[in-house]
Amino acid sequence: MDTVDQHNALRQAAQKRIKASHALGGDPDCLAQYYREWADSYELDVDRECYCGPSIVAELAGAVQAAYIGRERAATAILDAGCGTGLVGIELEHLGFRLIDGFDLSEAMAEMARQTGVYRTVEDDVDLNRPISDYSSASYDMTVCCGIFTLGHVHPRALRELARVTRPNGFVIASTCKSYAGSMSFEDEVMCLQEAGVLTPEQCLNDGRFLGEEDADYWTLRVLEKPAKQRL
Ligand SMILES: C[S@@+](CC[C@H](N)C(=O)[O-])C[C@H]1O[C@@H](n2cnc3c(N)ncnc32)[C@H](O)[C@@H]1O
């Protein structure tokens, strides 16, 4: 096999693994097992597909911090939800963020994130399709997530929990893959939470580059002050 054939074969295998990860139906055991087996080659696979989601999410976090967060970047607390191997954390650290926590469903992925050394803490076995009760309300200035609002992964309902752990006037920054956005009503969930006074969309970059041929929307959502009666 010559080098070009070899390259194409590796790319096809990477695309197959990425596609297979979208067919896990949100089942936590299947997801954990799939990512346990994929953890070692995950970064090589997504790199072959020019994965630019993490750098875009981190750049958005940098812009939002500069525009709206009333404290220095190094003192801005960020939660990276579904941190995987830590690609977003590494980008955030390059931009000067220092208080970065992460969590993931997969122990193997979370362990790789720990090894990057850019996170303050990384928790594993945290399922975002359930209440993340170990995380207190209003703990973070920003919550970021990249590649988890993807087919077969996390349901849009998780947005409510992400908003809960983010302080009022803090931000949730999230990518949604195009294939996911079409079938999972992420926008409906945003509208529903807006009507409930939980958050409001500040900005959305539509159809941005994400991974290989798949584009994504990049949402910046502002968490609202709770009405007085809900604070009681
Ligand atoms: C495509 S990877 C993205 C990882 C990382 N954010 C990145 O951009 O490289 C999706 C990650 O979501 C995690 N995940 C999937 N379902 C989850 C859930 N219900 N709760 C928390 N994490 C989940 C997987 O374990 C995996 O690490």
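Here is a short chat between a student and a tutor about salt bridges in this predicted model.

Tutor: Residues are numbered from 1 along each chain. In this predicted model, side-chain atom pairs count only at pLDDT 80 or more, and side-chain values use heavy atoms, with hydrogens and water left out.

Student: What makes D101 and R120 a salt bridge?

Tutor: The term asks for a side-chain nitrogen of Lys or Arg within 4 Å of a carboxyl oxygen of Asp or Glu. For D101 and R120 the N to O distance is 3.0 Å, so the pair fits that definition. D101 is in strand 2 and R120 is in the loop between helix 5 and strand 3, 19 residues apart; helices (H or I, at least four residues) and strands (E, at least two) are DSSP runs, numbered from the N terminus.

Student: Why is D101 called buried?

Tutor: Good question! Buried means under 20% relative accessible area, exposed over 50%, and partly exposed in between (1.4 Å probe, protein chains only). D101 has 5%, so D101 counts as buried.

Student: And why is R120 called partly exposed?

Tutor: R120 has a relative accessible area of 47%, and a value between the two cut-offs is called partly exposed.

Student: How do you know that R114 and E111 form a salt bridge?

Tutor: Their closest N and O atoms are 2.8 Å apart, so they meet the definition. Both lie in helix 5, 3 residues apart, about one turn of the helix.

Student: What makes R130 exposed?

Tutor: R130 has a relative accessible area of 55%, so R130 is exposed. Its salt-bridge partner is D127, which counts as buried at 16%.

Notes
Predicted model: local features only at pLDDT ≥ 70, side-chain atom pairs only at ≥ 80, totals over all residues.
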